[in-house]
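I opened the model to look up how its helices and strands are arranged. My notes follow in the order I made them.

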Amino acid sequence: MERADASDLLAFLAVARERSFTRAAARLAISQPTLSQTVQGLEERLGVRLLNRTTRSVTPTQAGERLLQKIGPKFDEMDAELGALSELREKPAGTIRITATEYAAQAILMPAMAKIAPLYPDIKVEVMIDVGLTNIVAAQYDAGIRPGELVAKDMIAVRVGPDLRMAVVGSPSYFASRVRPRTPQDLTQHNCVNLHLPTRGGRLYAWEFERNGRDVNVRVDGQLVFNSSGALLHAALQGLGLAYLTEGQVQPYLSSGELIRVLGDWCPPFSGYHLYYPSRRQPSPAFTLLVDALRYRGRASRG
């Protein structure tokens, strides 16, 4: 079929369905005389009249009705397929690689994915759990999620959570035979569950405290060392020592009485989680959608 025939058939279909050259011309965004000449040219090439024209109406002839019934659905099917292809092109898709802490993945990423995953099945998110400060450019991640104060200045950062607070916690069984610490320095007399930081040469994380403008970092000691905040939490629940975790992670266990918090007045709020990525990165539709789903729109908590 020649391109001109296809164009002329579309013109005929519009007139036959609208039963009007005027309405069909408006639908096709062409002039009425041009449309009339187009249909007339098609009739001449086919050697058969397709439309009966009167001053009051336009109706298909027997040949025109047959053509309408035969080719109309086929053109509709082609329109539908073209529309589906366009939808596929514009539909967010692709794989996004993100590095995040264990708690950020649970509290920030999972709720966002629960909203968008059912609506956009072509988006895939790979989350790598890491407690260190991963170089997302060198490791070829699309983005990372860390507390705002840890994000490098040359990165674009989007706030994705409220302010955070740390909490020193232990189980009732742990404190049954031990005096609760009153100052950060008292922690050196306790069995503390340590966190291993691979990006700091394997050193253990020093617990950070602040009160009245006074900063205190304490290198605690204990029998257990993990590289996972989830393992720290379970160790504390089992009475194996004190753990230093984000307030949100331990709040359910504080409410249930399974954990007891100490040194709360030494743990002020600090900048919450931010999603960050290189400034030179050109966000894809899938990445933009995820950022919008993660974006924090509430007022930051202040303890």
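**Helix pair.** I began with helix 2 (residues 21-28) and helix 3 (residues 32-46), whose axes come within 9 Å and cross at roughly 100°. Angles of 65 to 115 degrees count as roughly perpendicular, so I logged helix 2 and helix 3 that way. I should keep in mind that this is a predicted model.

Next I listed who touches whom. From helix 2, I found F21, T22, A24, A25 and L28. They meet Q32, L35, S36 and V39 of helix 3. I sorted the residues of this contact between helix 2 and helix 3 by type: six are nonpolar, three polar and none charged.

**Open sheet.** I then traced a sheet of five strands. It is open, its order reads 4-3-5-14-6, and the pairing is mixed. Which strands stand at the edges? I noted strand 4 (123-129) and strand 6 (155-159). Each has a single partner strand, so one side of each is left without a neighbour in the sheet. From one strand to the next, the twist averages 30°.

I looked at one pairing in this order. Strand 3 (residues 94-100) is parallel to strand 4, and seven bridges link the two. In this pair I found I98 of strand 3 opposite V127 of strand 4.

**Hairpin.** Last, I turned to strand 9 (residues 207-211) and strand 10 (residues 214-218). They run antiparallel and are joined by five bridges. E210 stands opposite D215 in strand 10. The hairpin has two residues between its strands, and I noted a positive phi near 55° at N212.

Note on methods. Residues numbered from 1 in each chain as written. Predicted model: local features only at pLDDT ≥ 70, side-chain atom pairs only at ≥ 80, totals over all residues. Heavy atoms only, no water. Pairing = 2+ DSSP bridges. Helix = DSSP H or I, 4+ residues; strand = E, 2+ residues; numbered from the N terminus. Axes fitted to C-alpha atoms, helices over the stretch in contact; angles between N-to-C directions. Parallel < 35°, antiparallel > 145°, perpendicular 65-115°, else oblique. Contact = heavy atoms within 4.5 Å. Nonpolar A, V, L, I, M, F, W, Y, C, P; charged D, E, K, R; others polar.
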